[in-house]
Amino acid sequence: MSKTHIKLSATAAKLWFGNKQVLKSVNVAFPQNKITALIGPSGCGKSTLLRCFNRMHDLSADVMIEGDFLLEDQTLYNGKLSATEVRRRIGMVFQQANPFPKSIYDNINYGLQINNIPKDQRPGIIENALKESYIWDEVKDDLQKPATRLSGGQQQRLCIARAVALRPEVILMDEPCSALDPISTAKIEELILRLKKDYTIVIVTHNMQQAQRIADQTIFMYLGEIIESGNTKQIFKKPVNELTKNYVKGHFG
Amino acid sequence: MKLALREKTDQTAKLLFRMTGLMVIAILADIFFMLLWNTVAFFLKVKPWDFISGTQWNPSGNPANYGILPLLVSTSLVTLGAMCIAIPLGIGTASFLSDYAGRKLKSVLKPTIEMLASIPSVAIGFLGIVVLGPGIARITGQSNGLNALNGAALLAIMSLPTIITVAQDALEGVPNAYKEASYSVGANRWQTLLQVTIPAASPGILAAVMLGVGRAMGETMTVLMATGNASAFPKGFFHSVRTMTATIAIEMGEVPYQTTHYYALFAIAAVLFLMTLLVNIVGEHFVNKYRKYQAA
Amino acid sequence: MTKKLTPLIEWGTLLLTTGLVCFFLLAILWDLISKGSSSLSWAFISTSPTDGMTKGGILPAIIGTVLLTLITALIAAPFGICCAIYLNEYAADSWLTRIIRASIRNLAGVPSIIYGLFGLALFVQGLQMGTSLFAAGLTLGLLSMPYIIITTEEALRRVPNSMREAALAVGATQFESIRDVVLPSAVPGMLTGLVLTLSRAAGETAPILFTGVAFYINKPAGYLNQEFMALPYHLYMLSTQHQATEQVRPLAYGTALVLIIVVFFLNLSAFYIRYQHSKHE
């Protein structure tokens with residue numbers, strides 16, 4: 001396998017909310033064990049694109065999706081994979097930390113339980129996931145505490161632990177730090193960088209510095225289209241497209 | 001394979017939930033067809049026109065008379081009386097709650113109104129017999145006070161909570177900017193209420209009134225106990241009346257199954273059903289109109 | 001002088017209307033409590049009526065009302081909750097959904113006596129259940145269902161979407177996300193609505209008039225296929241149908257007071273649940 005083994009991809013992806021086309025024939029590929037940042041001004045369709053990959057649009061009635069979405073060589077829609085299976089293999093961390101109104105332990109246990117992970121393995125997996133997410137030391141003494149009593153940054157790391165515990169192949173992150181203070185943000189960025197060795201990560205971000213700090217590859221989207229993609233350094237230092245240049249220099253968005 | 005089972009459960013559950021949704025339509029349709037079926041059976045024996053225009057309800061007479069007019073007029077009279085009392089009181093209270101009362105007062109008044117709403121109709125009817133009836137009798141010099149006025153007053157109490165709640169929602173939904181604009185041209189609170197807030201909330205208030213009317217028209221026990229139930233053509237508020245609901249309640253227990261009289265009671269119910277349906281649809285129309293206005 | 005007086009009159013008018021509404025409640029309660037409390041005793045709520053119902057207690061009516069309310073809950077709650085789940089979690093905004101919603105609102109507006117007729121035609125006669133506790137329970141269950149749907153949907157709507165997404169994102173099916181995450185969060189709201197609906201059902205008389213309620217039964221209540229006594233009907237009967245209504249007035253007052261206590265108890269539990277829940281948020 002070459003260095004740029006493609007883990008997740010979309011070809012000619014189009015999406016409509018009712019009559020409004022939000023994605024206009026998007027082609028993307030996310031290499032394995034790399035972090036890809038999706039950037040672009042609000043409303044450019046980056047979160048919408050991200051949510052296509054774990055079929056989060058399934059519940060909205062007036063959404064229509066076209067195109068080929070592939071995990072390895074398996075198609076995500078209308079193929080052998082069910083939505084449930086897709087979501088289990090492609091985890092997601094949301095913009096607002098959304099722990100269940102349960103204990104810290106049960107927050108992670110829930111996913112293991114419904115996915116039939118044997119009972120005796122669960123405590124170990126939970127501990128491991130919390131360690132991997134750099135929150136173990138802060139919560140190990142009180143795993144039965146309601147998760148909603150954690151701080152915002154802790155909640156978000158718990159949500160990452162919840163995703164990681166299921167050993168997904170890809171983790172999608174939708175502006176995971178937008179609601180956090182700089183210290184929590186730094187912790188989470190460090191965490192994301194460490195997760196890279198085991199997972200393929202796609203992160204939507206508004207924060208140019210963040211993209212430059214963590215992403216290997218960056219994709220710039222504008223009005224539902226991909227304007228430019230390439231390695232992060234190139235996108236920020238030597239953008240080819242005029243729009244990209246303006247955006248990364250902070251002229252709009 | 002465990003996953004396949006989980007997904008099967010998911011599909012089955014979805015189907016089950018949808019079926020309960022369809023069942024709701026089926027229930028309403030069932031009620032409608034039950035009324036229609038029995039009404040048609042009635043109209044095979046009695047001409048619709050005789051039913052609608054007949055001024056006498058006397059099923060046990062010879063010949064039997066099945067004129068719905070006295071019942072219809074009774075129901076209308078009692079409902080009208082109830083609204084004459086309940087609308088001013090309801091709008092006044094709703095205005096007080098939305099524009100004058102402070103948080104603390106509101107937190108006391110809200111449960112009070114909810115408690116009033118929860119009193120069973122039979123208990124209100126009972127008080128009509130033992131308290132309001134004798135009271136009315138003393139004033140009018142009649143032998144008892146079981147008449148249209150008594151029923152109207154009690155129905156007013158019963159429909160007040162509905163009217164207050166819906167009207168208050170409507171008044172509180174009026175954008176503050178409207179009120180501020182009114183204050184800024186020198187209007188005081190009272191003028192603002194009468195000339196700006198209430199007109200702006202009028203669709204919602206109309207909806208409140210409609211829902212109150214629907215509640216009053218369909219109420220059974222209160223009028224059954226408090227209005228005396230004389231089957232003569234109603235002569236006014238100080239006379240005993242017999243509403244459509246009361247007639248069904250009194251006579252259904254005694255009629256043999258599938259006789260003309262039995263079908264006649266279903267025909268009354270069908271008319272009542274259509275009337276409440278109409279009132280509710282009109283009410284809903286106003287609520288929707290009001291929502292649109294709010295969104296704009 | 002007039003300038004100072006007018007606002008006072010205006011304010012007074014509104015205060016008067018509000019005061020009247022409160023007065024109604026207080027007058028009702030005062031009358032029932034002052035005249036009914038002397039009839040209340042342990043014997044009154046623990047014995048059956050005797051001497052042609054001119055003496056004795058109202059135990060069978062209390063048991064009948066409690067059982068009837070339970071059956072109502074057992075019928076209306078599962079169907080109502082399932083329907084609310086369908087509307088809030090599954091249904092798209094289609095013409096079918098709009099018809100379902102319109103049906104629910106119209107069902108909520110159908111007069112209770114018409115439910116009584118429907119119960120008579122369908123359960124008592126059509127399905128041959130006869131006048132019975134079960135037929136009356138089914139009838140009241142149908143009447144209560146639209147309210148349960150409306151209150152449950154309201155409770156479900158308050159569960160944030162992020163909770164559903166969180167469950168789906170760890171591989172839960174939609175049903176699992178509803179069962180494990182959405183419903184537990186909505187329970188307090190659903191319970192409040194259920195209890196308020198039941199307090200209404202407990203006081204209903206018209207729907208049970210022809211479907212199963214009886215003047216008097218000398219056997220202990222509790223058989224689904226038999227007629228039963230109920231508090232609201234007992235009150236109606238004592239105050240209008242009894243051959244000596246004046247003589248049994250104290251009993252009627254006592255019955256009314258017990259009925260009001262049952263209904264208010266249910267209401268207060270609903271308020272309590274709501275209060276406890278709002279404190280947690």
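Student: How many residues do chain C and chain B each bring to their contact?

Tutor: Chain C brings 70 residues and chain B brings 72 residues, with contact meaning heavy atoms within 4.5 Å. Keep in mind that this is a predicted model, where local features need pLDDT of at least 70, side-chain atom pairs count only at pLDDT 80 or more, and totals for chains, interfaces and linings use all residues. Residues are numbered from 1 along each chain as its sequence is written, chains are lettered from A and ligands numbered from 1 in the order in which they are written, and side-chain values use heavy atoms, with hydrogens and water left out.

Student: What area do chain C and chain B bury between them?

Tutor: About 6500 Å², with 80% of it on carbon and sulfur atoms. Buried area is the accessible area (1.4 Å probe) that two parts lose on being put together, summed over both. On the chain C side, C:Leu14, C:Leu117 and C:Phe118 supply 9% of what that chain buries against chain B, more than any other three residues.

Student: And how many salt bridges are there between chain C and chain B?

Tutor: Three, counting a side-chain nitrogen of Lys or Arg within 4 Å of a carboxyl oxygen of Asp or Glu. One of them pairs B:Glu114 with C:Arg274, the closest N and O atoms being 3.2 Å apart.

Student: Which helix gives the largest share of the side of chain C that touches chain B?

Tutor: That's α1(C), with 14 residues. Helices here are DSSP runs (H or I, at least four residues), strands likewise (E, at least two), numbered from the N terminus.

Student: Switching topic: at what angle do α7 and α8 of chain B pack?

Tutor: Helix α7 (residues 176-184) and helix α8 (residues 189-200) of chain B pack at about 145°, with their axes 10 Å apart. Axes are lines fitted to C-alpha atoms, for helices over the stretch in contact, and angles run from 0 to 180 degrees between N-to-C directions.

Student: Which residues of α7(B) meet α8(B)?

Tutor: B:Tyr178, B:Lys179, B:Ser182 and B:Tyr183 do, and their partners in α8(B) include B:Arg189 and B:Val196.

Student: Now backbone oddities. Is the peptide bond from B:Asn62 to B:Pro63 cis or trans?

Tutor: Cis, with omega near 5°. B:Pro63 sits in the loop between β1 (57-58) and β2 (65-66) of chain B.

Student: What about phi of A:Tyr134?

Tutor: It's near 55°, a positive value in a residue other than glycine. A:Tyr134 is in the loop between α4 (122-132) and α5 (136-139) of chain A.
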